[in-house]
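Student: Could you walk me through one part of this model up close, and show me how it sits in the rest of the chain? Pick a spot with some side-chain chemistry to look at.

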Amino acid sequence: FVGYLPIDAAPRSQRIKELEALALKTGQTQLFIEVPHRNTALLQALVASLKPSTRLSASSGLTLASAHTHSALVSQWRTGLSAAASGLPTVFAIGA
């Protein structure tokens with residue numbers, strides 16, 4: 001579990017690429033969170049920064065009856081961002 005990623009775009013993109021490389025090298029899924037009002041920006045940064053073949057998951061509202069998870073290859077996320085990271089607490093995961 002990584003915690004929060006940098007807020008600023010350039011350092012955030014760099015960290016995303018570092019975490020992706022670690023996930024692909026070790027086979028360890030990398031988990032992180034973001035405050036709800038920045039979920040959309042983080043999701044957009046993930047989809048823009050990650051390789052098309054990387055798996056990305058967003059799980060929102062996990063303690064709620066309306067909890068939902070969307071998991072797909074980044075190439076699939078690029079066809080249309082899901083509402084998975086709406087204004088709810090969200091856990092993001094990247095891996096092979």
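**A close look at strand 3 and its surroundings**

Tutor: Let's start with the whole chain: 36% of its 96 residues are buried, where buried means under 20% relative accessible area, exposed means over 50%, and partly exposed is anything in between (1.4 Å probe, protein chains only). Keep in mind that this is a predicted model, where local features need a pLDDT of at least 70, side-chain atom pairs count only at pLDDT 80 or more, and totals for chains, interfaces and linings use all residues. Numbering starts from 1 along each chain as its sequence is written, and side-chain values use heavy atoms, with hydrogens and water left out.

Now the layout. The protein chain has three helices and five strands, and from the N terminus they come in the order β-α-β-α-β-β-α-β. Helices here are DSSP runs of H or I with at least four residues, strands are runs of E with at least two, and both are numbered from the N terminus. The chain is as compact as a globular protein of its length, because its radius of gyration is 12 Å, close to the 12 Å that the globule rule gives for 96 residues. That radius is taken over C-alpha atoms, and the rule is 2.2 Å times the number of residues to the power 0.38. Along its principal axes, the C-alpha trace spans about 35 × 25 × 25 Å.

Zoom in on Ser59, which belongs to strand 3 (residues 55-60). Ser59 is buried, at 13% relative accessible area. Its side chain makes a polar contact of 2.9 Å with the side chain of Thr69. A polar contact is a pair of N or O atoms within 3.5 Å; within protein, one must be able to donate a hydrogen and the other to accept it, and residues adjacent in sequence count only if both atoms are side-chain atoms. Skip the neighbours within four places in sequence, and Ser59 is in contact with His68, Thr69, Pro89, Thr90 and Val91, contact meaning heavy atoms within 4.5 Å.

Step back along the chain to Thr54, in the loop between helix 2 (39-49) and strand 3. Despite the loop address, Thr54 counts as buried, with 2% relative accessibility. Leaving out residues up to four places away in sequence, Thr54 touches Glu20, Leu24, Ala72, Leu73, Val74, Ile94 and Gly95. One of those partners, Ile94, sits in strand 5 and is buried too, at 1% relative accessible area. Ile94 and Leu62 are 32 residues apart along the chain, and 17 Å separates their C-alpha atoms.

What about helix 2, on the other side of that loop? Its buried residues are Asn39, Leu42, Leu43, Ala45, Leu46, Val47 and Ser49. An α-helix has 3.6 residues a turn, so residues three or four places apart point the same way. The buried set of helix 2 packs against helix 1, strand 2 (30-34), strand 3, helix 3 (74-77) and strand 5 (90-95). Contacts across long stretches of sequence show up chain-wide as well: among contacts between residues at least 6 apart in sequence, 65% join residues at least 24 apart.

For contrast, try Asp8, in the loop between strand 1 (3-4) and helix 1 (9-26). Asp8 is exposed, at 55% relative accessible area, and its C-alpha lies 14 Å from that of Leu43, 35 residues away in sequence. Arg15, in helix 1, is partly exposed at 31%. Beyond its neighbours within four places in sequence, Arg15 is in contact with Val2, Leu5 and Pro6. Arg15 and Ala58 are 18 Å apart, C-alpha to C-alpha, with their positions 43 residues apart in sequence.
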